[in-house]
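Hello,

Here is the structure I said I would pass on. My notes are below it.

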Amino acid sequence: MVAAMSDTVQAIRWENNHLVLLDQRILPRDIRYLSLDTCQETTQAIKDMVVRGAPAIGISAAYGIVLAARQRWRESPATWRQNLQQDLEELAASRPTAVNLFWAIDKMRRIIEKLPVGQNPEKALLEAAQQIHRDDIEANKTMGELGAALINQPCAVLTHCNAGALATGGYGTALGVIRSASAAGNVQHVFADETRPWLQGARLTAWEMVQENIPVTLLCEGASAWLMRQKKVAWVIVGADRIAANGDVANKIGTYNLAVNARHHGVKMMVVAPTTTIDMEIADGSAIPIEQRSQDEVLNVNGQPMAATGADAWNPAFDVTPAALIDAIVTERGVIFQPDSVKMAAVMENG
Ligand code: MRU
């Protein structure tokens, strides 16, 4: 079982032939797992933020395709492959920005195309999904070491959203670096933006840090420039949803604010993401699709209206940080300092 492979919290498990997801909408108040039986349920879970974070979305989609293949094979061994196409399209429409989703669908699609006619696809696809899951945890641990090596003296760091075990197969990207650097004695304190409107920082990052006994202090997003001004942090460390071929980074809305403020205050900016988050088809960040979510997420808190009636809201889920504001992109294949197209291509060819 994949759950045993990481010693951090597991957002995604394959158990008793089902996809089991930790419901991240209700953390940390409740720890509840949802057991999913179909690809449609998986698509809905991704849309509804039961599971979120780019790598975790990709891994869940891969398991969702296993469920789709099982269902379509049971319905019709002769036409399962054609019938599955609709499931893949629905999955691909669940969330537009995290490229790991499309990477995982493409990878599974290539396996599906190669399966011999008349062979039940479930076993081969489950093995592929579990491999994607294992590889992600492995990549996170490697990035943890590479990123931690950049933090060479004890300091405090600032992170945004949740790029931890919950957002990945396990261990985490930005929080993986923080875990490794904390174990080495070099991250002494973590400041976490609360991250409106879903509060991934307050609910998820703070929860992961508390569980690991890493001291964590929450901030309203608006406090980060003032924190930097007082020289309280040496690094901003974040994950990514999609990185363009020139090193521009799409990540949770508010990351761009942090990067501008970090450069102004002489704080270093580190982005931690596996190569499955890099989209070499997109030349620069201007072409990255940015998910627009419902106004209700901003106008309401916990389902209760809190804004003036008549006001509307703008709710882009992500923004794009230009490569020029990033000091280092940490991938499992190596660190890219001051990223640009040439350095990005060199790391991607090195696979
Ligand atoms: O809307 P979310 O919660 O899916 O957004 C998540 C992020 O922006 C993360 O920083 C990103 O996916 C990296 S997760 C390792």
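The notes go from the domains to the two sheets, and then to a single arginine.

Please keep in mind that this is a predicted model.

Domains

The domain assignment splits the protein chain into domain 1, residues 4–138, and domain 2, residues 143–349. Taken over C-alpha atoms, the centres of domain 1 and domain 2 are 25 Å apart. The contact between them involves 33 residues of domain 1 and 33 residues of domain 2. Together the two domains bury about 2600 Å², and carbon and sulfur atoms account for 58% of that area. On the side of domain 1, V9, R52 and T97 contribute 23% of the area buried against domain 2, more than any other three residues. The rule finds one salt bridge across the interface of domain 1 and domain 2. Elsewhere in my list is the pair R95 and E291, which form a salt bridge with their closest N and O atoms 2.9 Å apart.

The seven-stranded sheet

One open sheet has seven strands in the order β6-β5-β4-β7-β10-β15-β16, with mixed pairing. Its edge strands are β6 (216–219) and β16 (334–337), each of which pairs on one side only. From one strand to the next the twist averages 25°. Within this sheet, β7 (residues 235–238) runs parallel to β10 (residues 268–272), and four bridges join the two strands. One of the bridge partners in β10 is V271, which sits across from V238. Helix α7 (residues 200–211) packs on the sheet, where α7 touches β4 (155–159), β5 (187–193) and β6. The direction of α7 makes about 170° with that of β6.

The four-stranded sheet

The other sheet I looked at is also open, with four strands in the order β11-β8-β9-β14 and again mixed pairing. β11 (278–279) and β14 (318–321) stand at its edges with a single partner strand each, so one side of each has no neighbour in the sheet.

β8 (residues 242–244) and β9 (residues 249–252) pair in the antiparallel sense over two bridges. In these, I243 has V249 of β9 as its bridge partner, and R242 has A250 of β9. The hairpin of β8 and β9 has four residues between the strands, and G247 there takes a positive phi near 95°.

On to the next pair: β9 and β14 are antiparallel too, over four bridges. Here V249 stands opposite T321 of β14. V249 therefore has a partner in each direction, being the bridge partner of I243 and standing opposite T321. R72

Which helix holds R72? R72 lies in helix α2 (residues 54–75). Is R72 buried or exposed? R72 counts as buried, because its relative accessibility is 12% and the cut-off for buried is under 20%. Leaving aside residues up to four places away in sequence, R72 touches Q40, W80, N83, L84 and D87.

That is what I have for now.

Regards

Key
Residues numbered from 1 in each chain as written. Predicted model: local features only at pLDDT ≥ 70, side-chain atom pairs only at ≥ 80, totals over all residues. Heavy atoms only, no water. Pairing = 2+ DSSP bridges. Axes fitted to C-alpha atoms, helices over the stretch in contact; angles between N-to-C directions. Contact = heavy atoms within 4.5 Å. Buried < 20%, exposed > 50% of the residue type's maximum accessible area, 1.4 Å probe, protein only. Domains from an automatic or database assignment. Buried area = accessible area lost by both parts, 1.4 Å probe. Salt bridge = Lys/Arg side-chain N within 4 Å of Asp/Glu carboxyl O.
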